[in-house]
Amino acid sequence: MKKKLIAIVVGAAAVMPALAMADVSIYGRAHVSTDFLDDGADYSETNLSSNASRLGFKGEHQINSDVKAFFQIEQQINFASGSSDGDSTNFSTRDTFVGVTGNNWGAIQMGRFDSPFKVARGPANLFGDQVGDMRNLTRVGNARFDERYDNTVQYTTPDLNGFNIKLAYSVHQGQSAAQDHDSDGFSASLNYAAGPFEGALAYEKLEEDVSRGERDGIRVAAAYKLTDTFKLVGFYQAVEHDTDVVADRDQWTSDTYGVGGELKVAANTALKAMWMTRDADDSNYDADMWVVGVEHKLDKAVRVYANYAVVDNESASALRPWGQARSANPDAAAGEEASAFSVGLRYDF
């Protein structure tokens, strides 16, 4: 045991000078909530949930006056159970990449990270990683839009008077090698942020892979500050994919859209609300979601909130307002109204 301890100490001492020479930082998020979840049928329980909590390392190195290298390694951590919410042997389950950026030509990065299509929901994402997250409706069946893809290279333009473009290409989705199987993916977004307006337009297309069929989609998200205290948001997504998620059908299409708003009632306190609907080509798979919440920032790093969210399902739909980015994730019953009340604490460090 003493020899192992000495080896650890010596190893740490050897690494510290290298870290001191590089511009490396440790960051993370501890996000935990207590939730009462009701599927409208048989399940009605209180849960403790870790909500996309994470630990990461990022850094950069100035190569010359014009070019800089950067990297990030990020792992999801379950603050409710202490586990990693994934493969315990892999410390890069979340956005992990390396790249270079130039002052005038933009940035290129390679690795595993959120697609431009996924990031494009940002302007309208009032309840990210909480009950009522819009992904509870936008991730359609097993097509799972809103993904981070393996083995991806992405180019991001420099700022162009408030605009930028992201272009990403995944060589093999979810696998490091493929034979006789086309699983490439392409994702792109046009983004704008200036003054009171922020918006994104995105497109994504993925060839058939091992677990899901060929699919493509478009989405638009926007936010506009009507006043210093009120922000209006809107979202629209249309997707189509070949799938067996619906019995006896080989194709699925749907439109998902909604509107919401955020009202500051005090310097650090805001009321939020959003309505969304999924309109499928088979109306039995339609669903509506409502969510309201209040959030108070104790300071820049720590916030507390309370949300109430409901998903009203048609006869074949079994969506729930707690399905995404959470460790507490029981199933919902088809055709029922699933509801959730959540009180959460989020600490960004």
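This report describes the largest nonpolar core and several salt bridges of a predicted model.

Residues are numbered from 1 along each chain as its sequence is written, and side-chain values use heavy atoms, with hydrogens and water left out. Because the model is predicted, local features need pLDDT of at least 70 and side-chain atom pairs count only at pLDDT 80 or more, whereas totals for chains, interfaces and linings use all residues.

**The nonpolar core**

The largest nonpolar core (a set of buried Ala, Val, Leu, Ile, Met, Phe, Trp, Tyr and Cys residues joined through side-chain atoms within 4.5 Å) has 17 residues, of which Ala124, Phe235, Met274 and Met276 touch the most other members. Two or more residues each come from strand 11 (215-225), strand 12 (230-241), strand 14 (269-280), strand 15 (287-297) and strand 16 (302-313), and strand 15 gives the most, with 3 residues. Strands here are DSSP runs (E, at least two residues), as are helices (H or I, at least four), numbered from the N terminus. Leaving aside neighbours within four places in sequence, Phe235 is in contact (heavy atoms within 4.5 Å) with residues including Arg121, Ala124, Met134, Thr138, Met274 and Met276.

**Salt bridges**

Side chains of opposite charge can pair when their charged atoms come close. The whole structure holds 20 salt bridges, each being a side-chain nitrogen of Lys or Arg within 4 Å of a carboxyl oxygen of Asp or Glu. Three of them are listed here, with the N to O distance.

| Basic residue | Acidic residue | Distance |
|---|---|---|
| Arg29 | Asp129 | 3.6 Å |
| Arg94 | Glu74 | 2.6 Å |
| Lys205 | Glu214 | 2.8 Å |

The pair of Arg29 and Asp129 links distant parts of the chain, 100 residues apart, with Arg29 in strand 1 (residues 23-38) and Asp129 in the loop between helix 2 (116-119) and helix 3 (135-138). Arg29, at 15% relative accessibility, counts as buried, and so does Asp129, at 12%; buried means under 20% relative accessible area, exposed over 50%, and partly exposed in between (1.4 Å probe, protein chains only). Both residues also belong to a network of salt bridges that links Arg29, Arg54, Asp129, Asp133, Arg135, Arg346 and Asp348.

In the second pair, Glu74 lies in strand 4 (residues 67-76) and Arg94 in the loop between strand 4 and strand 5 (96-102), so the salt bridge ties together parts that are 20 residues apart in sequence. Glu74 is buried at 6% relative accessibility, and Arg94 is buried at 10%. In the third pair, by contrast, Glu214 is partly exposed at 30%, and Lys205 is partly exposed at 27%.
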